[in-house]
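Trainee: I would like to learn how to read a model like this one. Could you take me through it, feature by feature?

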Amino acid sequence: MQEVQITVIDASGTAQELAFPTGMGLSLMEALKSAGYPVEAVCGGMALCATCRVEWQEGTVSEPTDAELDMLDTLPDQQPTSRLGCQIRLESLTDGQAILRLNPSKKD
Amino acid sequence: MLETDVCIIGAGPVGLFAVFELGLLRLKAYVMDTLPVVGGQLAEIYPKKPIYDIPGYPSILAGDLIDRLMEQIAPFQPGFGLGQKVVGLEAVEGGRWKVQSENGEVVLAGAVVIAGGLGCFEPRKPDLPGLAALEGRGVTYMIRDPEVFRGRRVVLAGGGDSALDWTLQLAEIAGDLTLVHRNSSFRGAPESAARVQALADAGRLRLLTSTALVSLEANAAGNLSSVTVQTQGQPAWSLEADDLIPLYGLTPQLGPIADWGLALDASAIQVQTDNFQTSVPGIFAIGDINTYPGKLKLILSGFHEAALMAHGAYRHIHGGAKPSFKYTTVTGVSGL
Ligand SMILES: Cc1cc2nc3c(=O)[nH]c(=O)nc-3n(C[C@H](O)[C@H](O)[C@H](O)COP(=O)(O)OP(=O)(O)OC[C@H]3O[C@@H](n4cnc5c(N)ncnc54)[C@H](O)[C@@H]3O)c2cc1C
Ligand code: FES
């Protein structure tokens, strides 16, 4: 099975390297949830809630769609690195690896 | 003080349908929501999306479903406390409950139904030092009555549809109006964006794009006096203002519900599935806010929960008496 290696830096700054299988059509949001990270994903992956937001640090990834950019644009603290995890397919990580930070401004 | 048979916290689809099920048992409901509108997630997150799993509707827009629910419950004349965030829930004499909102609205009820969904919709806030201290002293997140801004110096911040729409509305009302947007252009609603641009060109408002909010300043009385902004590549400057309205959308937060002493499981309220009562008799929880074995967060499931809850609430209010079960085809729907 093909895998991608993702280094996830959580809100407290702790980094963890995780391997996720590709080829199953999983989104990054689903992968992070399955790994036990507190990703609410209120809208279930429709680019409507931004609770799956991450800050992209490293690694090639697909370009954001209009729907994703529209949502990011409404946030008070959007960064150039901001992405919605639900809009990223693991298959689009063509380097096979990535580094990302979970949205640190998230409460609770 | 308002008195009612049942106080429903949350005006999402499940809270609204609960009015109907309670009404069939001749229980009067008062519905409170922190949002100024009814509809919960359907109104706030996806009003224009079609839903495909509402029985009897092969497809219905979320906003239309809410309109239909309002029509369906109208005969029962529910009371509505919109824009009321419920913060307090306490037992009072006579086995009744006192429900209290942040603004001080108090409702006395024989039973309480928490239909709080994913929690209170709360505004997304910009990260600015001293912001909290100025909330209610010039900083507002939801516009209920635009007239309160008449003649005032208002700064709106945000780039979404609601920021554009309110800019257009307030252009007629505010004494001096500025729209601050972090990006260089507006992505949504090209028509509104063009109208905002036209008003800016005509000198009717100040449009600051590629501009960030930097800090807030207060006067001696502790009210907002100016907003410091910075446009990319330029020095920061202060804009005199009476009001700052950050409009960055809303996001649900469990909020006060967590403090009411109810048994929780990962921020959902535990209920028993015969009547959807919580660990506290007289308090029920239905819809996305509850959890039980096999729970599905679906509108359909919430509707089912509302029907069983209504029978449970009836028994609670009527000292254990069982309501008579009748089909609506037999009784029709007569108002309260
Ligand atoms: C994008 C998206 C698509 C969806 N698609 C479907 C679908 O196709 N089919 C389906 O069945 N479901 C779908 N859902 C799920 C569905 O929307 C929820 O199951 C439903 O909204 C739950 O209704 P509710 O009334 O329990 O809660 P909500 O709709 O969440 O309403 C709860 C209300 O309670 C208020 N509230 C909470 N706490 C307080 C308080 N302390 N004081 C005052 N007010 C309070 C909130 O402000 C909110 O308005 C979807 C959800 C999303 C986000
Ligand atoms: S899960 Fe809602 S935007 Fe990604």
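Mentor: Gladly, and let's begin with the ligand. In chain B, helix H1 (13–24), helix H2 (40–44) and strand S9 (120–123) each give at least two residues to the shell around ligand 1. Helices (H or I, at least four residues) and strands (E, at least two) are DSSP runs, numbered from the N terminus. This is a predicted model, where local features need pLDDT of at least 70 and side-chain atom pairs pLDDT 80 or more, while totals for chains, interfaces and linings use all residues. Residues are numbered from 1 along each chain as written, chains are lettered from A and ligands numbered from 1 in written order, and side-chain values use heavy atoms, without hydrogens and water.

Trainee: Which residues come nearest to ligand 1?

Mentor: A residue is near if one of its heavy atoms lies within 4 Å. Of the 36 residues around ligand 1, the nearest are B:Asp33, B:Gln41, B:Tyr46, B:Asp53 and B:Asp288. The ligand itself lies between chains A and B.

Trainee: Where are the polar contacts of B:Gln41 and B:Val14 with ligand 1?

Mentor: A polar contact here is a pair of N or O atoms within 3.5 Å. The side chain of B:Gln41 places an N or O atom 2.8 Å from a ligand oxygen. For B:Val14, a backbone N or O atom is 3.1 Å from an oxygen of ligand 1. Ligand 1 exposes 1000 Å² when taken alone, and the protein buries 93% of that (Shrake-Rupley method, 1.4 Å probe).

Trainee: How do I read the interface between the chains?

Mentor: The size of an interface is often given as the accessible area lost when the parts come together. Between chain A and chain B, about 1500 Å² is buried, with carbon and sulfur atoms giving 50% (1.4 Å probe, summed over both parts). On the chain A side, A:Val42, A:Asp73 and A:Pro76 lose the most area to chain B, together 38% of what that side buries.

Trainee: And strand pairing?

Mentor: Strands of a sheet pair through backbone hydrogen bonds, either parallel or antiparallel. Two strands count as paired if DSSP finds at least two bridges between them. In chain B, strand S13 (residues 211–218) and strand S14 (residues 224–231) are antiparallel over seven bridges, with B:Thr211 opposite B:Thr231. They form a hairpin with five residues between them, and B:Gly222 in the turn has a positive phi of about 85°.

Definitions and conventions
A polar contact is a pair of N or O atoms within 3.5 Å; within protein, one must be able to donate a hydrogen and the other to accept it, and residues adjacent in sequence count only if both atoms are side-chain atoms. Buried area is the accessible area (1.4 Å probe) that two parts lose on being put together, summed over both.
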